Amino acid sequence: MSRSINLAVVPGDGIGQEVVAQGLKVLRSVLPQDVKLETKEYDLGAQRWHRTGETLPDAELESLKGHDAILLGAIGDPSVPSGVLERGLLLKLRFAFDHYVNLRPSKLFPNTATPLAVGDEQRGAIDFVVVREGTEGPYTGNGGSLRTGTPAEVATEVSVNTAYGVERVVRDAYERANARPRKKLTLVHKNNVLVYAGHMWKNIFDKVGQEYPDVTTDYLHVDAATIFFVTQPERFDVIVTDNLFGDILTDLAAAVTGGIGLAASGNINPTGEFPSMFEPVHGSAPDIAGQGKADPTATVLSVALLLRHLGHETEAVRIEEAVAADLAERDASVPRTTDEIGDALAVRVAS
Ligand code: NAI
Ligand code: MG
């Protein structure tokens, strides 16, 4: 645990600005006096692209590298062509900083709306985390298009899976499972059809598992996993899966455990060679931007993940308990502004 945090802040677009302000407010409130917080804000996103045509210049990538961690709001706006900011900024950061673990915890807090018909006991048992591979799979840009725009167009988007890349993310997932009370790890893939990648994942999963005798393992095809996310989410503890399956499963996980306003995530470089990046799962929400309607809770929970990653476990737990307590007292008929929710959480976590 370090006594100082040198944080890069990328508020981004739309509600990203509003929720990041609340995340920082809670972070300042939870940190003990003797932990020094330094922040540097980076102007990146749709507005910057419109103004200068830049997504992530090399100088800024280099500067970001010097921070302990990155807090990001949301990037994107319908006015920017699809793919420009996703590839040029978000994916570029994940690849450049080798964020091979994309961490998405899902917990169904008390008094939180869910589309699932769950009893109190089942609700309390819904607490799982998806470890999604972040640097391989079909997201590497390994593809191309021939005869583009003609009736004879051909497009490929090759899924890249390396033994090295799979082993390191699988090992990280075992470590996380081993540190949790239930010690259960589920591999999700589709190895009955995607036999080359699927068998490599399964073989590595089984091999690494021999080093973790206390962890119970399970395997599910991704289609079956979507059923269980809805019918029996309490069966999951830690899930490890590839980049594409993880992208889809984590949105489903967010939908069944309180929605996009609560879903937090970390893009993690476990070796610490590069800064890890923490962000709410939601986007810039142009439909409600600037109106003080955004729920900052997902960002505040992302700050908890950030603190845990930097070794500040006590403060991370304090934030999570404050969120649980705040949610327990929420009354949907009395809506609060972004700022009011941030203030309430900042007061609760204050030491
Ligand atoms: P979105 O997540 O921004 O919004 C989807 C819906 O959820 C909207 O109705 C919005 O009002 C609501 N919502 C989202 N966050 C909320 C919050 N904190 N509190 C209350 N309501 C919330 O997804 P959408 O509309 O598909 O994308 C908008 C823009 O954001 C696009 O440009 C997209 O590319 C970008 N985006 C960026 C992401 C990122 O920065 N990692 C992730 C997802 C989308
Ligand atoms: Mg997604």
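Is Arg-132 buried or exposed? Arg-132 is buried, with 27 other C-beta atoms within 10 Å; here a residue counts as buried when 20 or more other C-beta atoms lie within 10 Å of its own, as exposed when 12 or fewer do, and as partly exposed in between, with C-beta atoms placed from the backbone. Before we go on, please keep in mind that this is a predicted model, in which local features need pLDDT of at least 70 and side-chain atom pairs count only at pLDDT 80 or more, while totals for chains, interfaces and linings use all residues. Residues are numbered from 1 along each chain as its sequence is written, and chains are lettered from A and ligands numbered from 1 in the order in which they are written.

Let us start with the overall frame. The UniProt record, in an unreviewed entry, places "domain: Isopropylmalate dehydrogenase-like" at residues 6–345; positions from UniProt follow the numbering used here, feature names are shortened, and annotations may be inferred rather than shown by experiment. Over residues 6–345 the chain is 42% helix and 20% strand, and the end C-alpha atoms are 22 Å apart. Helices (H or I, at least four residues) and strands (E, at least two) are DSSP runs, numbered from the N terminus.

Now back to Arg-132. The unreviewed UniProt entry gives "binding site" at Arg-94, Arg-104, Arg-132 and Asp-223. These positions span 130 residues in sequence, and the farthest two C-alpha atoms are 26.7 Å apart, so they do not all gather at one spot. Two of the listed arginines do meet, though: Arg-132, in strand 5, is in contact with Arg-104, where contact means that the C-beta atoms, placed from the backbone, lie within 7 Å. Arg-104 itself is found in strand 4 and is buried, with 23 other C-beta atoms within 10 Å. Leaving aside neighbours within four places in sequence, the contacts of Arg-104 include Val-129, Val-130, Ser-265 and Val-281, while those of Arg-132 include Asn-102, Thr-241, Asn-243, Gly-246 and Asp-247. Thr-250 is in contact with Arg-104 and also with Arg-132.

Thr-250 leads us to helix 9, which covers residues 243–256. Its 14 residues reach 20 Å from the first C-alpha to the last, close to the 20 Å expected at 1.5 Å a residue; the expected span is 1.5 Å times one less than the number of residues. Which residues of helix 9 are buried? They are Asn-243, Phe-245, Gly-246, Leu-249, Thr-250, Ala-253 and Ala-254. They cover an arc of only 155° around the axis, which puts them on the same side of helix 9; the arc is that of the directions from the helix axis to the C-beta atoms. An α-helix has 3.6 residues a turn, so residues three or four places apart point the same way. Covering the buried residues of helix 9 are, among others, strand 4 (101–107), strand 5 (127–133), strand 8 (184–189), helix 8 (222–231) and strand 10 (238–241). After helix 9 comes Gly-258, with a positive phi near 105°.

Helix 7 (residues 195–209) makes a good companion to look at next. Its 15 residues should span 21 Å at 1.5 Å a residue, and its end C-alpha atoms are 20 Å apart, which agrees. Gly-198, Trp-201, Ile-204, Phe-205 and Val-208 are the buried residues of helix 7. They cover an arc of only 135° around the axis, which puts them on the same side of the helix. The face turned away from that buried side carries the exposed residues Val-195, Tyr-196, His-199 and Lys-207. Helix 6 (163–178) and strand 8 are among the elements that cover the buried residues of helix 7.

Finally, let us visit the ligand. Ligand 1 is surrounded by 21 residues, the closest being Gly-76, His-282, Gly-283, Ala-285 and Asp-295; a residue is near the ligand if its C-beta atom, placed from the backbone, lies within 6 Å of it. The shell has 12 nonpolar, five polar and four charged residues, with Ala, Val, Leu, Ile, Met, Phe, Trp, Tyr, Cys and Pro counted as nonpolar, Asp, Glu, Lys and Arg as charged, and the others, Gly among them, as polar. Ala-285 sits in the loop between strand 12 (276–280) and helix 10 (297–309). Its phi is near 45°, a positive value in a residue other than glycine. With 21 C-beta neighbours inside 10 Å, Ala-285 counts as buried.
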